[in-house]
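Thanks for making the time this morning. I would like to walk you through one model, so please have the sequence and the structure open while I talk.

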Amino acid sequence: MSNRNGLGESAGYNKLYDNFFRCVYNLEPNFADDDDQARPMIMDATNLLQAAVWLEAVPCVRLIIEANFLRLNQVLWKHIGDRPEGWIQVAARLQSPLMFRECLIHIVGKYHLENGVDRTFLNKRDHGPVAPKIWALIVQKAKELKDKKLRVERVLMEFYPDRMIHKEDPETIPGRAIYAADIYLWQALVVFRQFITSAFFSNFHHKAKDGGLSFYRTIGAADATYLRAETLDKFHQSFDMSPKAKGLLIAALEQIKAEAKNVVAELLVDRSQLVRGPNDRPREHLTCTEVLDDEMPWVVGGQNLVCDDFEMDDEYHY
């Protein structure tokens with residue numbers, strides 16, 4: 001080799017081990033940085049991690065590799081959002097809560113979608129003993145998300161605005177006059193529940209192809225456009241009213257819609273790191289999954305999993 005013993009201009013023939021020993025001596029590794037999407041840098045870093053796993057020396061490189069990944073900021077979060085299955089094993093070996101949490105948020109959000117998650121890749125034996133722990137956490141969080149959807153949908157069906165609730169107290173017993181004043185709220189509630197029921201029977205809820213995402217966003221939108229004034233024309237074909245009464249009914253319906261937003265708000269929380277601009281397409285899955293620090297697979301059971309073998313499949317190379 002022209003560069004025998006590292007005496008040449010650059011250590012190109014053993015760059016991998018050069019980077020490894022740089023980390024051992026607390027020097028910054030030489031990662032490629034000539035691409036806006038950082039693909040060569042990501043390849044250099046993941047190859048270094050694989051070498052460290054084989055050498056049972058992950059602690060020597062873990063913090064440096066994680067720091068270089070996190071410096072990518074939005075570029076990193078975009079890559080993880082596109083292919084979370086390919087990143088979650090890396091995040092686990094690096095013991096990076098930020099990266100692992102981001103992977104899990106996207107995997108769980110797509111878990112119940114058709115072809116949403118590459119389960120075969122996630123369960124490959126080549127990933128080592130860490131894979132079952134990660135998969136068990138994915139299944140657990142996916143179940144929690146589905147249970148949350150079912151609870152939210154049930155609350156929508158049983159929802160009453162605060163204004164309609166009247167309870168007896170030492171000074172007042174709700175009477176006919178109090179309930180008569182709520183007549184437009186009761187009518188609006190009937191229309192609202194008919195809309196919710198129709199959506200459920202049409203499978204626009206958690207059984208929809210998008211997992212109910214569009215339905216939840218419709219209910220929780222800041223400018224909710226469902227059940228507009230013109231929509232009530234069909235209702236008024238059977239229940240005609242004066243112009244003033246129609247206005248009161250619309251106002252009551254808007255009040256119910258405004259409070260219903262709070263019911264679905266927990267599903268629409270975005271816990272992902274990717275910052276999306278006003279012109280960017282929204283995510284096609286929910287990103288509300290919460291992952292606690294003590295749920296990380298390298299914490300559960302107190303086992304150090306960083307020395308297990310793992311594989312970055314060709315399909316997930318960058």
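Let me begin with Trp135, which is buried, with a relative accessible area of 17%. Please keep in mind throughout that this is a predicted model, and that the values I quote were computed from it.

The ring of Trp135 pairs with that of Tyr111, and the pair is tilted, with 6.0 Å from centre to centre and 45° between the planes. Tyr111 sits in the loop between helix 6 and helix 7, whereas Trp135 belongs to helix 8, so that the pair links distant parts of the chain, 24 residues apart. Tyr111 is buried too, because its relative accessible area is 11% and the cut-off for buried is under 20%. Tyr111 has a further partner in Arg119, whose charged end sits over the tyrosine ring, 4.2 Å from its centre.

Elsewhere there is another such arrangement, with Arg193 lying over the face of Tyr160 at 4.5 Å from the ring centre. As for aromatic pairs, the count comes to 10, and ring pairs also link Phe200, Phe215 and Tyr216 into a cluster.

Now to helix 5, which spans residues 84-94: how many of its residues are buried? The count is 11 of 11, and the buried residues include charged and polar ones by name, among them Glu85, Gln89 and Arg93, alongside others such as Trp87 and Ile88. What covers them includes helix 2, helix 3, helix 4, helix 6, helix 7 and helix 8. Just after helix 5 comes Gln95, which takes a positive phi of about 50°.

Ile88 deserves a moment of its own, since leaving aside residues up to four places away in sequence, Ile88 touches Phe100, Cys103, Leu104, Ile107, Leu122, Ile134 and Ile138. The largest nonpolar core has 79 residues, and Ile88 is one of those that touch the most other members, together with Phe69, Met99, Phe100, Ile138, Leu156 and Phe192. Helix 8 gives this core its largest share, 9 residues.

Finally, helix 1, residues 15-24, where Asn19, Phe20 and Cys23 are buried. Why do they fall on the same side of helix 1? They do so because they cover an arc of only 100° around the axis. Helix 2 and helix 3 are included in what covers these buried residues, and helix 1 is followed by Asn26, whose phi is positive, near 60°.

Definitions and conventions
Residues numbered from 1 in each chain as written. Predicted model: local features only at pLDDT ≥ 70, side-chain atom pairs only at ≥ 80, totals over all residues. Heavy atoms only, no water. Phe/Tyr/Trp six-rings, centres within 6.5 Å; stacked < 30°, edge-to-face > 60°. Helix = DSSP H or I, 4+ residues; strand = E, 2+ residues; numbered from the N terminus. Buried < 20%, exposed > 50% of the residue type's maximum accessible area, 1.4 Å probe, protein only. Lys NZ or Arg CZ within 6 Å of the ring centre and 35° of its normal. Arc of directions from axis to C-beta. Contact = heavy atoms within 4.5 Å. Core = buried A, V, L, I, M, F, W, Y, C linked by side-chain atoms within 4.5 Å.
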